[in-house]
Number of protein chains: 2
Amino acid sequence: MHKSRIGAICIDVPAERREAAETFWSGALGQATRRGERHPEYSTFGVVHQHVLLIQAIGAGEPRVHLDVHTDNVSAEVARLAALGATEIDGLDGWVVMRDPGGSVFCVVPCDADDATMTDAATWP
Amino acid sequence: MHKSRIGAICIDVPAERREAAETFWSGALGQATRRGERHPEYSTFGVVHQHVLLIQAIGAGEPRVHLDVHTDNVSAEVARLAALGATEIDGLDGWVVMRDPGGSVFCVVPCDADDATMTDAATWP
């Protein structure tokens, strides 16, 4: 008898872009990050909130995993994340696809402010 | 003033491997999946547990996001996931790197059974 669960999400980034990725995601989440002592190649944000887990069938392209940032104001959030160094690469159906300074692609997705997943969201001015 | 948070993790899979990925991750997590009505390209597992969020500096290779499966018994978990269709592609420091049938790479990582992240893990015979 043994146990298992999905326990971590890792954003893998080439070493030369590490600081850019740390700075971006710290700003994006409003949380400090800390480099590991035993495994210094990792920078942790500690435990983050619960998420929805999805499989998405894509028409073309390579398999990958991506994160969705949920927000009650897509344009304000895209502007905030762009100011932190992310670049906008596509948009469809009200969603915006962005690339973080480490090179990983993520989406900014609209979500009602009273949605269950938004109750513990960070609030931005 | 607006709000945001990471709200979802998406496993992107080429359409022809969708059913294989659904079957694998349903088995891996011990949870049923359901295709979306408004967005049928998504299959959801609903809300999953909280996770650790990490940035990992990699020496070479492309930026990507990957999931870690935490377990108190790596060899038993790797055998279970291999029986569900994942393939072992590498191993280091007691961790095992696997590829799911949809093509996404993930890791199986040892974690003490009394670790906080394991309290709500699924138990396997």
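How many residue pairs are in polar contact across the interface of chain B and chain A?

1. The rule finds 55 such pairs, with both residues at pLDDT 80 or more. A polar contact is a pair of N or O atoms within 3.5 Å; within protein, one must be able to donate a hydrogen and the other to accept it, and residues adjacent in sequence count only if both atoms are side-chain atoms.

2. The model is predicted: local features need pLDDT of at least 70 and side-chain atom pairs count only at pLDDT 80 or more, whereas totals for chains, interfaces and linings use all residues. Residues are numbered from 1 along each chain as its sequence is written, chains are lettered from A in the order in which they are written, and side-chain values use heavy atoms, without hydrogens and water.

3. Chain A and chain B each bring 69 residues to the contact (heavy atoms within 4.5 Å). Together they bury about 7600 Å², of which 59% lies on carbon and sulfur atoms; buried area is the accessible area (1.4 Å probe) lost on putting two parts together, summed over both. On the chain B side, H2(B), R5(B) and I55(B) lose the most area to chain A, together 13% of what that side buries.

4. The interface holds 2 salt bridges (a side-chain nitrogen of Lys or Arg within 4 Å of a carboxyl oxygen of Asp or Glu). D12(A) forms a salt bridge with R64(B), with the closest N and O atoms 3.3 Å apart.

5. Strand 1 (residues 2-14) of chain A pairs with strand 4 of chain B in the parallel sense over 7 bridges. Strands are DSSP runs (E, at least two residues), numbered from the N terminus, and two of them pair if DSSP finds at least two bridges between them. P14(A) has I58(B) as its bridge partner in strand 4 of chain B.

Definitions and conventions
Helix = DSSP H or I, 4+ residues; strand = E, 2+ residues; numbered from the N terminus.
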